[in-house]
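Work through the exercises below with the sequence and the model side by side, and try each task before reading its solution.

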Amino acid sequence: MSVTSLTPPALTPDDSEGLSVWPASARPAADGDLTVGGVSLKEAADRFGTPLYVLDEGEVRDRCRAYRTAFPQADVVYAAKAFLCRAMVRWVEEEGLGLDVCSAGELGLAVTAGFPAERIVMHGNAKSPEDLRTAIRLGVGRIVVDSASEIAQLDSIVPHSDRQQVMIRVVPGIAAGGHAKIRTGTDDQKFGLSITDGSAQHAIANVLRRPHLELVGLHCHIGSQITSVKPYVAAVRRMVGLMSQVRDQHGVKLPELNIGGGHGIAYRPGESSLDIGVLAGRVRAELVDGCAHAKLPVPRLTLEPGRALVGPAGVAVYHVLAVKQTAGRIFVAVDGGMSDNPRPALYGVRYSPRLVGRRSTAAPALVTVVGRHCEAGDVLADAVPLPGDVRPGDLLAVPAAGAYHLSMASGYNLVGRPPIVAVRDGAARMLVRRESLEDMSRRDVGL
Ligand code: LLP
């Protein structure tokens with residue numbers, strides 16, 4: 001993988017293998033199989049069952065390193081909401097990144113897995129008293145304040161001998177993001193404090209008055225699945241403008257600027273992803289020029305990618321359960337769906353599944369791949385070519401499945417959440433086991 005681009009290179013220049021959105025380690029193998037991290041997907045499915053999530057550890061680590069190389073003067077903080085388990089915490093720690101959490105649960109998992117609390121940033125538009133108390137007790141590095149009421153609440157729970165470092169989440173007034181539900185840079189949504197109506201400026205003044213809070217900088221996160229660098233450059237401009245106002249009004253030069261994450265990836269061949277090399281150059285140039293113009297010292301930059309670090313490293317593997325020909329379509333139904341991947345139902349996105357584990361010479365047919373759940377909207381892929389003889393018992397693998405699948409998985413229809421298996425150098429090891437009926441019924445204490 002190149003350092004300037006996080007798009008895994010196609011194995012052939014024309015992507016004739018169709019692997020451009022797969023982990024860079026993906027290789028076609030004998031009998032129509034595919035290996036990822038040197039592990040056969042068919043063997044993994046046989047060993048661990050399906051639905052199965054496979055995570056390429058090397059791809060995650062390479063992506064962490066590519067970020068650190070592209071942003072040598074910045075802190076890169078992994079947004080844990082994209083996918084979190086103890087092994088992931090360990091990899092991120094070993095690669096020298098920070099961690100962004102947004103609940104006492106994510107924070108507790110990270111710290112008990114050994115992640116240093118001072119490298120953790122806590123977010124949330126509505127942090128519970130428990131979230132805040134846990135953050136203070138465990139000593140997180142930064143708390144990003146998202147509302148006026150949170151300021152007083154936080155100030156009152158910091159021990160009197162102490163000061164908590166905080167940032168303020170600012171709404172810079174920039175529309176960006178792959179879907180309306182994941183655009184967070186404008187005033188008409190629930191996150192952050194607006195520059196336009198003055199609530200950001202008000203919160204800054206409020207924090208600066210608090211004896212137990214230390215304002216170290218400003219934060220913004222304009223949205224998710226963004227594939228252009230332009231909105232980031234615009235956000236940096238607005239944020240530097242606000243930092244300059246803070247200096248003029250309060251005589252304070254804030255030392256840090258966090259511009260969030262949101263870096264888009266390709267889910268299907270031909271889709272574009274955000275080029276982080278270009279992002280790094282343009283953001284740095286805007287920051288340096290803007291600060292020179294405003295006569296401000298250049299603040300330390302933080303980025304919070306989630307999806308771009310883990311999304312392309314994951315592959316979902318399903319068995320086909322049923323194939324149904326209707327007047328207009330061929331439906332191929334798999335043994336998972338919206339309970340392990342709610343993204344199609346939530347954002348209307350579509351994936352690009354591939355038959356693995358069997359070689360077929362049948363002519364391709366355009367099919368609709370659906371899940372097993374009791375909703376017509378449980379659709380993974382539309383009008384995708386699969387061999388025309390696709391049948392129950394076949395294996396389908398879905399690339400770009402590492403982010404916001406398992407972290408958003410539900411208990412719908414009590415099918416149980418799939419396991420996650422790490423692959424590396426030809427070896428597979430389970431990271432999180434399958435959720436069993438026993439796990440599910442243990443919580444049901446009634447009768
Ligand atoms: N920082 C903050 C404060 C965030 O809220 C998020 C994501 C990130 C960083 C990381 O964004 P990323 O680089 O992963 O795009 N469930 C949706 C995405 C929701 C993103 C929420 N916040 C999806 O599946 O597309």
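## Exercise 1: the pocket lining

In this predicted model, the lining of the largest pocket is made up of seven nonpolar, 14 polar and nine charged residues.

Task: find how many residues line the largest pocket, and which of them lie nearest its centre.

Solution. Begin with the space itself, which amounts to about 730 Å³ in the largest pocket. Next, collect the residues around this space: the lining holds 30 residues, and those nearest the centre are K81, I182, F191, H221 and Y404. Finally, place the lining on the domains, where domain 1 (27-55 + 312-441) and domain 2 (71-305) each supply at least three residues.

## Exercise 2: the ligand

Task: determine how many residues surround the ligand, and which are the closest.

Solution. The first step is to count the surroundings, which come to 20 residues, with S224, G262, E304, R343 and Y404 as the closest. The second step is to look at side-chain N or O atoms: such an atom of S224 is 2.3 Å from an oxygen atom of the ligand, and one in the side chain of Y404 is 2.6 Å from a ligand oxygen. For Y347, the partner is a nitrogen atom of the ligand, at 2.8 Å from an N or O atom of the side chain.

## Exercise 3: the cysteines

Task: explain why C220 has no bond to the closest cysteine sulfur.

Solution. Recall that a disulfide joins the sulfur atoms of two cysteines covalently. For a pair to count, the two sulfur atoms must lie within 2.5 Å. The closest cysteine sulfur to that of C220 belongs to C291 and is 13 Å away, so the distance is too great for a bond. A search of the whole structure accordingly gives zero disulfides.

Task: decide whether C220 is buried or exposed, and do likewise for C374.

Solution. With a relative accessible area of 0%, C220 is buried, whereas C374, at 61% relative accessibility, is exposed.

Methods. Residues are numbered from 1 along each chain as its sequence is written. This is a predicted model: local features need pLDDT of at least 70, side-chain atom pairs count only at pLDDT 80 or more; totals for chains, interfaces and linings use all residues. Side-chain values use heavy atoms; hydrogens and water are left out. On a 1 Å grid over the protein atoms alone, a cavity is a set of points where a 1.4 Å probe fits but cannot get out, and a pocket is an open set with protein on both sides within 12 Å along at least five of seven lines; lining residues have an atom within 4 Å of a point. Grid points are joined across faces, edges and corners, and a volume is the space filled by probe spheres set on the points. Ala, Val, Leu, Ile, Met, Phe, Trp, Tyr, Cys and Pro count as nonpolar, Asp, Glu, Lys and Arg as charged, and the others, Gly among them, as polar. Domain bounds come from an automatic or database domain assignment. Buried means under 20% relative accessible area, exposed over 50%, partly exposed in between (1.4 Å probe, protein chains only). A residue is near a molecule or strand if one of its heavy atoms lies within 4 Å of it. A polar contact is a pair of N or O atoms within 3.5 Å; within protein, one must be able to donate a hydrogen and the other to accept it, and residues adjacent in sequence count only if both atoms are side-chain atoms.
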